[in-house]
Amino acid sequence: LYPFTASAIRLLNQAEYLVFVITNQPMIAKGFLTERELDVIHQKMETLLGQERAFLDRIYYCPHHPQKGFLGEIPELKISCQCRKPETGMIEQALQEFKIDLKQSIYIGDSTVDAKTAEKAGLRFLGVQTGYACQDQHYPVTVSKMYSNIFEAVNDVTLN
């Protein structure tokens with residue numbers, strides 16, 4: 001985790017926001033990582049957050065990847081699906097499982113894939129410079145507000 005991640009999530013927790021991770025995990029479909037190994041990674045992340053009194057309400061991940069041709073790939077996961085970002089299936093799942101007001105929700109991300117996902121779902125998007133800094137050019141999107149990192153984005157949201 002970045003040094004500021006737990007502090008950002010803790011601010012959201014204190015402001016009574018629900019906090020979700022929504023992530024594509026194509027390494028599973030490609031056969032490079034098992035779902036059990038991903039679960040260990042997620043448990044470690046949640047432990048590190050918990051040590052700093054921060055928590056996630058849920059982690060949603062898409063194990064699919066549509067492109068074939070990887071040695072050891074998992075054929076049943078090599079599909080086009082509605083959960084792989086920029087599709088909104090993981091957000092729709094969160095909507096079904098939690099009482100969420102999309103108008104009061106935000107999506108923080110580092111890629112044009114994240115920005116496109118937020119756009120499709122009707123969510124306000126805040127871009128961060130960490131990671132891809134929304135410069136990956138997968139989708140032609142305009143990011144109206146960029147922050148240095150998740151802490152700055154969350155701080156701005158919780159203060160307003």
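**Helix packing and local geometry in the predicted model**

The crossing of helix 1 and helix 6 is left-handed. This description, like those that follow, refers to a predicted model. Two packed helices are described by the angle between their axes and the distance between the axes. The axes of helix 1 and helix 6 come within 8 Å. They cross at roughly 20 degrees. Angles under 35 degrees count as roughly parallel. Helix 1 and helix 6 are therefore roughly parallel to each other. On the helix 1 side, the contacting residues are Thr5, Ser7, Ala8, Leu11 and Leu12. Their counterparts in helix 6 are Ile150, Phe151, Val154, Asn155 and Thr158.

Helix 6 spans residues 150-159, and its buried residues are Ala153, Val154 and Val157. These residues cover an arc of only 95 degrees around the axis, which puts them on the same side of helix 6. An α-helix has 3.6 residues a turn, so residues three or four places apart point the same way. The buried residues of helix 6 pack against helix 1 (5-14) and against three strands: strand 3 (106-109), strand 4 (124-128) and strand 5 (146-147). Val154 thus appears both among the buried residues of helix 6 and among the residues that meet helix 1. The start of helix 6 carries a polar contact. Here a side-chain oxygen of Asn149 reaches to within 2.9 Å of the backbone nitrogen of Phe151.

Strand 5 contains Met146. At 29% relative accessibility, Met146 counts as partly exposed. Beyond four places in sequence, Met146 touches Gly127, Val128, Gln129, Ala133 and Cys134. Met146 and Val128 are 18 residues apart along the chain, and their C-alpha atoms are separated by 5.4 Å.

Helix 5 (residues 112-121) has seven of its 10 residues buried, so it is largely enclosed by the rest of the structure. The buried residues are Thr112, Val113, Asp114, Ala115, Thr117, Ala118 and Ala121. They pack against strand 1 (20-24), helix 4, strand 3 and strand 4. Just after helix 5, Gly122 takes a positive phi of about 80 degrees.

Ser105 sits in the loop between helix 4 and strand 3. With 18% relative accessibility, Ser105 counts as buried. The side chain of Ser105 reaches the backbone oxygen of Asp101 at 2.7 Å. Outside its neighbours within four places in sequence, Ser105 is in contact with Ile100, Leu123 and Arg124.

The loop between strand 2 and helix 4 holds His64. His64 is buried, with a relative accessible area of 13%. Neighbours within four places in sequence aside, His64 is in contact with Pro26, Ala29, Leu77, Ile79, Cys81, Cys83 and Arg84. Pro86 also lies in the loop between strand 2 (58-62) and helix 4 (89-97). A cis peptide bond joins Lys85 and Pro86, with omega at about 20 degrees.

Most residues other than glycine have a negative phi, and most peptide bonds are trans. Two non-glycine residues with positive phi are described here. Phi of Arg53 is near 60 degrees. Arg53 is placed in the loop between helix 3 (35-51) and strand 2. Its relative accessible area is 63%, and Arg53 is exposed. Gln137 has a positive phi of about 60 degrees. This residue lies in the loop between strand 4 and strand 5. Gln137 is exposed, with a relative accessible area of 69%.

Helix 3 includes Glu46. At 36% relative accessibility, Glu46 counts as partly exposed. Glu46 touches Leu56 and Ile59, not counting residues up to four places away in sequence. The C-alpha atoms of Glu46 and Ala6 are separated by 9.7 Å. The two residues are 40 residues apart along the chain.

Key: Residues are numbered from 1 along each chain as its sequence is written. This is a predicted model: local features need pLDDT of at least 70, side-chain atom pairs count only at pLDDT 80 or more; totals for chains, interfaces and linings use all residues. Side-chain values use heavy atoms; hydrogens and water are left out. Buried means under 20% relative accessible area, exposed over 50%, partly exposed in between (1.4 Å probe, protein chains only). Helices (H or I, at least four residues) and strands (E, at least two) are DSSP runs, numbered from the N terminus. The arc is that of the directions from the helix axis to the C-beta atoms. Contact means heavy atoms within 4.5 Å. A polar contact is a pair of N or O atoms within 3.5 Å; within protein, one must be able to donate a hydrogen and the other to accept it, and residues adjacent in sequence count only if both atoms are side-chain atoms. Axes are lines fitted to C-alpha atoms, for helices over the stretch in contact, and angles run from 0 to 180 degrees between N-to-C directions. Angles under 35 degrees count as roughly parallel, over 145 as roughly antiparallel, 65 to 115 as roughly perpendicular and the rest as oblique. A crossing is left-handed if the near helix is turned anticlockwise from the far one by less than a right angle, and right-handed if clockwise.
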